Protein chains: 2
Amino acid sequence: MADVAERAGVSVSTVSRTLRGLATVSPEAKRRVEDAARELSFVISRQASSLVTGKTGSVAVLAPTLNSWFTGSVLAGLGPVLRTAGLDLLVYSASDLAERAEFFEQLPARRNADALLVVSFDLTAEESARLDGLGVPVVYVSQRSSGRPSVYVDDVAGARAGVRHLVNLGHRRIAFLRSRRGAAGFTFSSRRRIDGYREALREAGVEPSDELVVDVSAPGRRGTEEAIGTLLGLREPPTAVFAEVDQIAIEAIGVLRSAHIPVPDRISVLGFDDHDMAQWMELTTVAQPAVELGRVAGELARALIDDPNADPTAHRELPTSLIPRGSTGPVGSVGAGESVGSVEPGSEG
Amino acid sequence: MADVAERAGVSVSTVSRTLRGLATVSPEAKRRVEDAARELSFVISRQASSLVTGKTGSVAVLAPTLNSWFTGSVLAGLGPVLRTAGLDLLVYSASDLAERAEFFEQLPARRNADALLVVSFDLTAEESARLDGLGVPVVYVSQRSSGRPSVYVDDVAGARAGVRHLVNLGHRRIAFLRSRRGAAGFTFSSRRRIDGYREALREAGVEPSDELVVDVSAPGRRGTEEAIGTLLGLREPPTAVFAEVDQIAIEAIGVLRSAHIPVPDRISVLGFDDHDMAQWMELTTVAQPAVELGRVAGELARALIDDPNADPTAHRELPTSLIPRGSTGPVGSVGAGESVGSVEPGSEG
DNA sequence: ATGAAAGCGCTAACAC
DNA sequence: GTGTTAGCGCTTTCAT
């Protein structure tokens, strides 16, 4: 910066003012500074400026995984907002409790970011309290945290709408596939989606049964296979399955397909998310605007960062919508035609 | 830090040394510093230390999108490596040429990161040259850049193996679906996969035909629909389709399915990636270890950062492997049974 | 409108 | 093994 100042024939103060776009610089000086900066390809050092301003110029995101549809979508929504605001995006992942504990141990965001976005974690009260003491705004994405900025969809209403759709198709034995992958406390929405599921059942005069709520815990194919196996082994198996997330719904379709159980003719499958792949699996699902959640969370964070009297308890609820596709159908429609589930892999030498 | 020093009854130097884990601190002092730091919940400010050390403690990643399977996988592989090394992960995305130009305009990584990972970009020579002048190591992921650190798979060999599989099944009219989404220069691997495709065809005594190489440009369903439409409109349509990436392969299966063209009985579909969803679509594909690519790239970056005589031209090639599934089958096997493509969406009221 | 100077919180010599 | 001190590259009073 001293170099630029010298080359432009002004003081470092003037260079600093110019580069920050302050109006109190004469056009002449401004021009010369800009030229000099360009010629020396000079860029302001964030570390140095943040040392004095206290602002880091970046926001941190904490997510359970980096390669899930939801996290990817949120990041994709966040990216443009932050770029526009001139903020960098710092990403932390904590896929199990140990990593999560480590994150809270170090609280790296403490001085490293101007805001923290916590994505789809079901934090304990202590963890949240810990974050409150961080000194930077914390935005909860896909989790409602009362009194704290949160961005989410109405999981209860979404799940209710989905189950109503199944009920309207005549289903009464409707199972719920709960995602239990990763350590405990990783799926806040879980409880609420089950609530919506139960509400819709009661609404239809069906008493929710615990045997129809099955956990998918093991990762990969096996977890879903086990869960489906449990359901099919019931004295009275379900005619429809509502998976907490599309990922599992898609796996369920695959597993049923392998077992030659036609979808939706013998079992309807409903998901939640509207994952990119849902349409290609013909999956009926409750769509949630994940990219949009990221965008809104980013804007909320931005507001909290540079508007001192922004509402620090703002909640933003985004809508869900049911997207009917081929994986759900009227109950007991076996023999009505071909189905999503029918597959006969080609043989190979 | 001064507070901690006072509370521990030592100097700031001792605090600094302790917190950085230097051995030259007496156990007694160490303990007291650690206690004091904990009680005051003190964390070292990265900005301040990087100001003097010149190291930022973070690595930057530039990727075209944040919500693609490949980027997500690479980030997932990268995360643990960086965490272990105590490095933060800074993410930049540039989905079109304008954003890309802006990135190079600002070169935010200039002083913001200790290394830059460029993921699946086909950079121009000028862009690469620009990055060379950045002053930090740049690792190319999924792109070979001669003389520069690169991590990739052998796309030619992978594609060749895939097409050989189709040839072995009796296919001779094999189309290639090229991904042309996003702006130009976003898919380095494209050229090499086509090369492998052509090689395998020639090997089988088939002269590659340009009419069988079709671009998928429009995003979403439409692009793939158009491409498949073009292929089906040929005087002699292909009996197999090799998509450059699984995403498009999956869409192709979906489109064919909607058109009631059985897969693989009438058309076999082959992908490249082994996307999470590939198994659920019964997609035969050339698997590439994307998470592993991220991990290796992270280790390479780490080595380049803190080992001054690490090889700055290191190339790491990871293997691909063919995963045969149900979407490919012998040519002309119509009527051989049910198929992946058969779907009759359930009706709904 | 511009410059001089005092730090921001840390690390790296250098003394002890 | 520990303390002192001089900056790292900026921003920000405070003068002018």
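## DNA strand C

Five residues come from α4(B), which gives the most to the surface near DNA strand C. Here a residue is near a strand if one of its heavy atoms lies within 4 Å of it. Helices (H or I, at least four residues) and strands (E, at least two) are DSSP runs, numbered from the N terminus. The model is predicted, so local features need pLDDT of at least 70, side-chain atom pairs count only at pLDDT 80 or more, and totals for chains, interfaces and linings use all residues. Residues are numbered from 1 along each chain as its sequence is written, chains are lettered from A and ligands numbered from 1 in the order in which they are written, and side-chain values use heavy atoms, with hydrogens and water left out.

DNA strand C is surrounded by 24 residues. The closest are A:T14, A:S26, B:M1, B:S16 and B:R20. Of the atoms of DNA strand C that come within 4 Å of the protein, 63% are sugar and phosphate. Both chains contribute helices to this surface: α2 (12-19) and α4 (46-53) of chain A, and α2 (12-19) and α4 (46-53) of chain B, each supply at least two residues. By class, the surface has twelve nonpolar, ten polar and two charged residues. In this scheme Ala, Val, Leu, Ile, Met, Phe, Trp, Tyr, Cys and Pro are nonpolar, Asp, Glu, Lys and Arg are charged, and the others, Gly among them, are polar.

## Polar contacts to strand C

A polar contact is a pair of N or O atoms within 3.5 Å; within protein, one must be able to donate a hydrogen and the other to accept it, and residues adjacent in sequence count only if both atoms are side-chain atoms. On DNA strand C, a polar backbone atom of A:S11 sits 2.7 Å from a phosphate oxygen. The side chain of B:R20 places an N or O atom 2.7 Å from a phosphate oxygen of the strand. A base is reached too: a polar side-chain atom of A:S13 is 2.7 Å from a base nitrogen of DNA strand C.

## DNA strand D

Around DNA strand D there are 25 residues. A:S16, A:R20, B:S13, B:T14 and B:S26 are the closest. Sugar or phosphate holds 63% of the strand D atoms within 4 Å of the protein, and bases hold the rest. The residues of this surface divide into twelve nonpolar, ten polar and three charged.

Serine 13 of each chain makes a base contact. A polar side-chain atom of B:S13 lies 2.5 Å from a base oxygen of DNA strand D. For A:S13, a polar side-chain atom lies 3.5 Å from a base oxygen of the strand. A:R20 turns to the backbone of the DNA, with a polar side-chain atom 2.6 Å from a phosphate oxygen of DNA strand D. The elements that give two or more residues to this surface are α2 and α4 of chain A together with α2 and α4 of chain B. The largest share, five residues, comes from α4(A).

## The interface of chains A and B

The contact (heavy atoms within 4.5 Å) takes 62 residues from chain A and 63 residues from chain B. Buried area is the accessible area (1.4 Å probe) that two parts lose on being put together, summed over both. Chain A and chain B bury about 5600 Å² between them, with 54% of it on carbon and sulfur atoms. A:Q47, A:R83 and A:W280 supply 14% of the area that chain A buries against chain B, more than any other three residues.

Two salt bridges are counted between the chains. A salt bridge is a side-chain nitrogen of Lys or Arg within 4 Å of a carboxyl oxygen of Asp or Glu. One pairs the side chains of A:R83 and B:E99, at 3.1 Å from N to O. Polar contacts across the interface link 13 residue pairs, both residues at pLDDT 80 or more. On chain A, α4, α5 (69-84), β2 (88-93), α6 (97-106), α7 (109-112) and α12 (246-258) each supply at least two residues of the side that touches chain B. That side has 24 nonpolar, 23 polar and 15 charged residues.

## Strand pairing across the interface

Strands pair if DSSP finds at least two bridges between them. Three bridges join β2(A) to β2 (residues 88-93) of chain B, and the two run antiparallel. A:V91 stands opposite B:L89 in β2(B).

## Backbone features

The peptide bond joining A:V263 and A:P264 is cis, with omega about 5°. A:P264 lies in the loop between α12 and β9 (268-273) of chain A. In chain B, the bond from B:V263 to B:P264 is cis, with omega near 5°. B:P264 is in the loop between α12 (246-258) and β9 (268-273) of chain B.

A:H260 is not a glycine, yet has a positive phi of about 60°. A:H260 is found in the loop between α12 and β9 of chain A.
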